[in-house]
Amino acid sequence: MIPKVKHHILKMGGYYSHFKVEVKCNHKWYGNTYGGFYICPELLNENSILYSFGIGEDMSFDNTIIKNHNCHVFGFDPTPKSINWVKNQRLNDNFHFYEFGINDKSGFIEFYLPKNSEHVSGSIITQKNIDVMKKVNVEMKSLADIMNELGHKHIDVLKMDIEGSEYDVIDNILDSKISITQILIEFHDRFFKNGKYKSKEVIKKMNRSGYKIFAISDSFEEVSFINKNAL
């Protein structure tokens with residue numbers, strides 16, 4: 001994450017001006033400071049379906065969802081370190097983990113691991129935090145293929161912390177016209193020279209598809225959208 005001082009400077013300079021709350025919705029922070037997101041809890045119940053992409057070594061968001069709503073959370077992460085970590089956790093019966101990630105198409109792809117071995121987050125995007133010499137082949141699937149495999153026609157909450165891949169994936173999801181009520185995204189503008197532009201274009205496309213921003217984290221990285229038909 002970007003240090004708070006730098007976030008403050010960028011905020012004062014208007015870098016995050018493209019992230020603005022567009023609709024009012026009761027919302028609450030679920031999870032810890034590092035792995036959490038704002039969510040509209042009143043739309044969830046025990047029958048809700050949540051997809052959580054990018055588990056890493058932090059299930060605070062997922063565990064809060066299950067604790068508060070007793071619904072099923074489907075977690076996904078292709079990172080070897082994350083997979084090993086999850087295997088050593090005592091998982092709630094309502095949490096279901098899958099050892100693959102999300103992409104705009106299904107198949108195996110080169111996945112770069114972080115330079116710092118203490119870190120967990122890998123990426124298919126070449127950026128300064130990863131080592132292009134440290135790579136593994138991992139399985140990725142499109143959201144449509146995942147839902148078909150799991151037998152879901154609708155997702156109540158889609159959470160994505162996928163290290164820069166969110167731009168291509170969101171395009172694919174919106175083009176596929178998949179039924180989703182809330183979409184929670186950690187944006188990684190900083191990975192790209194034109195990151196601000198890429199985020200602005202995604203927001204425009206989400207708006208055209210009926211999604212509006214209802215909450216933004218203090219770091220301006222975690223942004224929560226809701227389908228206007230749910231309001």
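**A walk through the sheet, its cores and its aromatic rings**

Lysine 141 lies over the face of phenylalanine 100, 4.2 Å from the ring centre. That is a good place to step into this model, which is a predicted one. The ring of Phe100 has company: together with Tyr51, Phe53, Phe74, Phe76 and Tyr98, Phe100 forms one aromatic cluster. A second lysine is placed over a ring elsewhere, with lysine 198 lying over the face of tyrosine 167 at 5.0 Å from the ring centre.

From the rings, let us turn to the sheet. Seven strands make up an open sheet with mixed pairing, and their order is 5-4-3-9-10-12-11. At the edges you will find strand 5 (95-98) and strand 11 (211-216), each of which pairs on one side only. If direction is ignored, neighbouring strands of this sheet are turned by 20° against each other on average. Strands of a sheet pair through backbone hydrogen bonds, in either a parallel or an antiparallel way. Strand 9 and strand 10 run parallel, and 6 bridges join them. To follow this pairing by eye, look for isoleucine 155, which stands opposite isoleucine 180 in strand 10.

Helix 4 (residues 143-150) lies across several of these strands: strand 3 (49-53), strand 4 (72-76), strand 5, strand 9 and strand 10. Relative to strand 3, helix 4 runs at about 135°.

Now for the interior. In soluble globular proteins, nonpolar side chains tend to be buried together. Here the largest nonpolar core has 42 residues, and those with the most contacts inside this core are Tyr51, Phe53, Leu143, Leu158, Met160 and Phe225. Helix 5 (residues 166-176) supplies the largest share of the core, 5 residues. Leucine 158 is a handy residue to centre your view on: not counting residues up to four places away in sequence, Leu158 touches Tyr51, Phe53, Leu143, Ile173, Ile180, Gln182, Ile183 and Leu184. There is also a second, separate core of 18 residues, with Leu50, Met59, Phe61 and Val157 among them.

Back to the rings, of which the structure holds 12 aromatic pairs. One of them joins phenylalanine 19 and phenylalanine 187 in a tilted arrangement, 5.0 Å centre to centre with 45° between the planes. Why does this pair tie together parts that are 168 residues apart in sequence? Phenylalanine 19 lies in the loop between helix 1 (4-12) and strand 1 (28-30), while phenylalanine 187 lies in the loop between strand 10 (179-186) and helix 6 (195-208), so the pair links those two loops. Are the two partners buried or exposed? Phenylalanine 19 is buried, with a relative accessible area of 4%, and phenylalanine 187 also counts as buried, at 1% relative accessibility.

Another loop deserves a look, the one between strand 9 (154-160) and helix 5, where serine 165 has its place. Serine 165 is buried, with a relative accessible area of 7%. Leaving aside neighbours within four places in sequence, Ser165 is in contact with Ile124 and Ile125.

Our last stop is asparagine 229, in the segment after strand 12 (222-227). Asparagine 229 counts as exposed, because its relative accessibility is 68% and the cut-off for exposed is over 50%. Asparagine 229 and glycine 210 are 19 residues apart in sequence, and their C-alpha atoms are 7.6 Å apart in space.

How values were computed
Residues are numbered from 1 along each chain as its sequence is written. This is a predicted model: local features need pLDDT of at least 70, side-chain atom pairs count only at pLDDT 80 or more; totals for chains, interfaces and linings use all residues. Side-chain values use heavy atoms; hydrogens and water are left out. A nonpolar core is a set of buried Ala, Val, Leu, Ile, Met, Phe, Trp, Tyr and Cys residues joined through side-chain atoms within 4.5 Å. Buried means under 20% relative accessible area, exposed over 50%, partly exposed in between (1.4 Å probe, protein chains only). Helices (H or I, at least four residues) and strands (E, at least two) are DSSP runs, numbered from the N terminus. Contact means heavy atoms within 4.5 Å. Rings of Phe, Tyr and Trp (its six-membered ring) pair if their centres lie within 6.5 Å; planes under 30 degrees apart count as stacked, over 60 as edge-to-face and the rest as tilted. A charge sits over a ring if NZ of Lys or CZ of Arg is within 6 Å of the ring centre and within 35 degrees of the ring normal. Two strands pair if DSSP finds at least two bridges between them. Axes are lines fitted to C-alpha atoms, for helices over the stretch in contact, and angles run from 0 to 180 degrees between N-to-C directions.
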